[in-house]
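This briefing introduces a protein structure to a reader who has not met it before. Please view the sequence and the structure before turning to the topics below.

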Amino acid sequence: MQHVRIGKSALYSHLLQVMKNRKISLTPINLERGYNLYTCGESIDDLFLIVQGGIKLTTSAHSGKECILDICRRGDILGALSLLPSVHEESATAMLDSRVLRINRREFIRILRSDPDLFQSWSHHLAQRIRQRESTIKHLVTMKCEYRLAAILLHLSDRFAGQKSQWQHIDARITHDELAAMVGTTRSRIGFFLKNFNVRGLVKRLPDGTLLVNPGTISAFIATDPNETEPVLQHA
């Protein structure tokens with residue numbers, strides 16, 4: 001994963017303000033749902049700041065099966081590895097009609113070097129992303145599928161919700177196939193788990209197919225995980 005979450009934080013505002021003050025060009029890109037921002041294997045030379053919509057990051061196994069690495073929203077920066085000579089290790093595809101700003105890599109490096117506060121904020125959020133990745137790996141290794149799904153829904157509800165509330169709305173329609181690709185299980189099991197989650201008051205499905213997640217009840221459910229290991233993609 002080559003992105004850094006900055007959300008609606010001071011870093012997000014600071015970065016845009018610095019770009020504006022220094023008259024650094026930010027190239028707007030509009031993406032319709034289903035279109036790629038970039039694809040796996042392309043050379044990295046820019047960063048992309050999401051200002052509207054949602055982008056999913058995916059990679060594929062040798063069998064061709066898609067694996068969703070993450071779902072990114074407003075405030076996320078894609079392509080952090082452009083700071084090093086490399087290629088994209090994933091494809092970035094719009095889940096919703098989206099708008100991003102392209103940031104030139106050389107310009108970004110220049111402002112980081114000249115703005116200690118921005119550099120510190122950037123470093124802090126890089127560390128946060130590393131910690132989140134470690135948590136994701138831990139979930140994949142130690143959690144059974146049902147608990148992995150719960151942890152992913154809780155994570156997505158935090159990303160999609162504008163503010164904390166009893167029910168947080170994941171306002172993108174994430175299909176059972178997409179959730180299965182994130183959890184490492186089958187579409188039918190995702191449907192079974194979501195039905196149980198609905199009965200337990202963890203989630204609600206709205207008529208448009210989007211989900212409401214109750215952070216309190218879903219966190220309490222995750223806390224009951226017996227921490228038994230289950231091979232990833234066992235049911236693929």
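Is Cys 72 buried or exposed? Cys 72 is buried, because its relative accessibility is 0%, and a residue counts as buried under 20%. The model described here is predicted. Its chain has 236 residues, of which 45% are buried, and it contains 7 helices and 12 strands.

**Overall organisation**

- Contacts across long stretches of sequence are prominent in the count: among those between residues at least 6 apart in sequence, 77% join residues at least 24 apart.
- The whole structure was searched for disulfides, and 0 were found.
- Another cysteine, Cys 67, is partly exposed, with a relative accessible area of 31%.

**Nonpolar cores**

- The largest nonpolar core holds 33 residues, and those touching the most other members are Ile 71, Leu 149, Leu 153 and Phe 197.
- Two or more residues of this core come from each of β6 (66–72), α4, α5, α6 (187–200), β12 (211–213) and α7.
- Helix α4 gives the largest share, with 10 residues.
- Beyond the residues up to four places away in sequence, Phe 197 touches Glu 146, Leu 149, Ala 150, Leu 153, Leu 202, Val 203 and Phe 221.
- A second core, separate from the largest one, has 15 residues, including Ile 24, Leu 101, Leu 112 and Trp 122.

**Packing of helices α4 and α5**

- Two packed helices are described by the angle between their axes and by the distance between those axes.
- For helix α4 (residues 145–160) and helix α5 (residues 176–183), the angle is about 110° and the axes are 10 Å apart.
- Helix α4 is therefore roughly perpendicular to α5, since angles of 65 to 115 degrees fall in that class.
- On the α4 side, the residues that meet α5 are Cys 145, Arg 148, Leu 149, Ile 152 and Leu 153, and their partners in α5 are Leu 179, Met 182 and Val 183.
- By class, this contact comprises 7 nonpolar residues, 1 charged residue and no polar residues.

**Helix α5 and the residue after it**

- Helix α5 is mostly covered, with 7 of its 8 residues buried.
- The buried residues are His 176, Glu 178, Leu 179, Ala 180, Ala 181, Met 182 and Val 183.
- Gly 184, just after α5, takes a positive phi of about 90°.

**Asp 225**

- Asp 225 is located in the segment that follows α7 (215–222).
- Asp 225 counts as buried because its relative accessible area is 15%.
- Setting aside neighbours within four places in sequence, the residues in contact with Asp 225 are Thr 142, Met 143 and Tyr 147.
- Thr 142 lies 83 residues from Asp 225 along the chain, while their C-alpha atoms are separated by 9.4 Å.

**Asn 36**

- Asn 36 belongs to strand β3 (residues 36–38).
- With a relative accessible area of 38%, Asn 36 is partly exposed.
- Its contacts, leaving aside neighbours within four places in sequence, are Leu 31, Ala 92 and Thr 93.
- Asn 36 and Ala 92 are 56 residues apart in sequence, yet 5.6 Å apart in space from C-alpha to C-alpha.

Definitions and conventions:
Residues numbered from 1 in each chain as written. Predicted model: local features only at pLDDT ≥ 70, side-chain atom pairs only at ≥ 80, totals over all residues. Heavy atoms only, no water. Axes fitted to C-alpha atoms, helices over the stretch in contact; angles between N-to-C directions. Helix = DSSP H or I, 4+ residues; strand = E, 2+ residues; numbered from the N terminus. Parallel < 35°, antiparallel > 145°, perpendicular 65-115°, else oblique. Contact = heavy atoms within 4.5 Å. Nonpolar A, V, L, I, M, F, W, Y, C, P; charged D, E, K, R; others polar. Buried < 20%, exposed > 50% of the residue type's maximum accessible area, 1.4 Å probe, protein only. Disulfide = S-S within 2.5 Å. Core = buried A, V, L, I, M, F, W, Y, C linked by side-chain atoms within 4.5 Å.
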